[in-house]
Amino acid sequence: MDTNLPKSAHPRLVIIGCGFAGLRLAQALKHDPVQIVVIDRHNYHNFQPLLYQVATGALEADSIAYPIRKIFAGQKNFFFRLADVERVNTEAKTVHTNIGDISYDYLVIATGSLTNFFGIESIERNAMQIKSIPNALNLRSYIFQNFEKALLTSDPQQREALLNIVVVGGGPTGVEISGSLAEMRRTVLPKDYPELDLSQMKIILVEAGPALLGPMSKQSQDDALGYLQKLGVEVRLNTGIKRFEDCRAYYSDAEFIPTENLIWAAGVNGAALAGLPEATVTRNKRVNVNRWNEVEGLPGVFAIGDVANMVTEEMPKGLPMLAPVAQQQADHLAHNLRRLAKGQTPEPFNYFNKGVMAIVARNKAVVDLPKNVHFRGFFGWLTWLFVHLMTLVGFRNKVVALIDWAFSYWNSDKALRLIIRPFNRRDVKDDKGKRAAEHQTATAEYNPTPPAIQSPAA
């Protein structure tokens, strides 16, 4: 029944997902009389804010990932199972996985978020995304593979499509990867590809709204736009991509941008699990919770982090899907679980906004702090580096990231331009002649990137 988990006199707390929320909660309950069982599809914790640096060769994947078992080494009340959660049964208090059923006394859903393609099938099928380490490695390989192909073609239109990169979404991820790609075009690619005329390479950032970095201050939005434009990024505001097919990113029925490389960073959905009552799941697949993160109508079942939809007077659309929210909710839930164990009433959660920041390029970042405090440039860049360095899990990861950043800063180079595993686009036909789309039913932390599907003609 319980996948060889030991019997315990203490209640069992099952945490699904080991992202920022699940990791923090399991750590916070280290000394509590509870059996903690974490289920994840990967055996590592993934630091998502730096995925774009893996995709652009600034960091290697193992710099932002850390083995889950190593994080919790020595924590006697902790158990880990590598598994794919298929559904939950809240009546039987059971989690059904591909390795067997696991019962629980308390359940915490910390499954994070998934890319939201807004129902545009051609983009879901063909675009690249950056929600997991496999995604980032695929993107890195694919971009450099296309540069290699551009060297071989004599067709100027095909070369243009191979070189152009379109980033969709003007949030922090879109801004950061656009800036990183622009730096790479200026300092790295001319050394590696002197045969290519890189003045023909366009980096185009497309945002459907009127400004970049929507949640940030007007000053930060304007600063980020100015930084990108100085780097040579073409920013198109109030523009949406309607479809992506045949190496064309259409922004109207007839107008398009020729590109083989479309990076989708335009939105996310929650990663609600099968088995939850329909009434608890919102349109964007987040799970409705009360003020102490208990799923509405399901005593003993909680949701924290990106998947949790907590509506407050200050946030009528729900709390933002940010790592600080997830970590604060995890700490508060640990506090409330202790209160519940004592028969006390849980206390409501209140989010404390410590600020928002985004990096554009070297020496170029924007930071918004409470009380309308804003700064940018080199000091903002240092602040961004420090915060992200301190948030990385594991001393080795902090040291490796610091060394890589220092090397890139002083040498204006990104050394990890490796095509270790060639990537084939997903817009190929499967054995039944149907288009193959990425299967997305779980958190990005444990939602696998599908293997490349080979066309029968390949």
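This is a short dialogue on reading helix, sheet and core features in a predicted model.

Colleague: Start with helix α10. How many residues does α10 have, and what span should they give?

Modeller: Take the rise per residue and compare it with the end-to-end distance. α10 runs over residues 323-341, which is 19 residues. At 1.5 Å a residue, the helix should span 27 Å. Its end C-alpha atoms are 27 Å apart, so the two values agree.

Colleague: Which residues of α10 are buried?

Modeller: Among them are Val325, Ala326, Ala330, Leu333, Ala334 and Leu337. Polar names appear in the list too, including Gln327, Gln328, His332, Asn336 and Arg339.

Colleague: What do the buried residues of α10 pack against?

Modeller: Two helices, α1 (20-28) and α11 (377-391), are on the list. The strands are β1 (12-16), β9 (106-109), β21 (301-303) and β22 (308-309).

Colleague: And just after α10, which residue takes a positive phi?

Modeller: Gly343 does, at about 80°.

Colleague: Back to the strands. How many bridges join β1 to β9, and do they run parallel or antiparallel?

Modeller: Count the bridges, then check the direction. β1 and β9 share four bridges and run parallel. For one pair, look at Ile15, whose bridge partner in β9 is Val108. β9 also pairs with β21, again in the parallel sense, over three bridges. There, Leu107 has Val301 of β21 as its bridge partner.

Colleague: Now the interior. In the largest nonpolar core, which residues touch the most other members?

Modeller: Ile15, Leu25, Ile64, Phe147, Ile177 and Leu181, in a core of 93 residues. Helix α5 (residues 133-152) gives the most to this core, nine residues. Domain 1 (12-41 + 83-115 + 269-342) and domain 2 (121-266) each supply at least three.

Colleague: Take Ile177. What does Ile177 touch, not counting residues up to four places away in sequence?

Modeller: Tyr52, Ala55, Thr56, Ile130, Leu139, Val167 and Ile263. Apart from this core lies another, of 29 residues. Leu5, Val95, Ile102 and Val295 are among its members.

Colleague: One polar case, then. Is Gln145 buried or exposed?

Modeller: Compare the relative accessible area with the cut-off. Buried means under 20%. Gln145 has 12%, so it is buried. Gln145 lies in helix α5.

Colleague: What is Gln145 in contact with, leaving aside neighbours within four places in sequence?

Modeller: Gln145 is in contact with Ile419, Arg421, Pro422 and Phe423.

Terms used
Residues are numbered from 1 along each chain as its sequence is written. This is a predicted model: local features need pLDDT of at least 70, side-chain atom pairs count only at pLDDT 80 or more; totals for chains, interfaces and linings use all residues. Side-chain values use heavy atoms; hydrogens and water are left out. The expected span of a helix is 1.5 Å times one less than its number of residues. Buried means under 20% relative accessible area, exposed over 50%, partly exposed in between (1.4 Å probe, protein chains only). Contact means heavy atoms within 4.5 Å. Two strands pair if DSSP finds at least two bridges between them. A nonpolar core is a set of buried Ala, Val, Leu, Ile, Met, Phe, Trp, Tyr and Cys residues joined through side-chain atoms within 4.5 Å. Domain bounds come from an automatic or database domain assignment.
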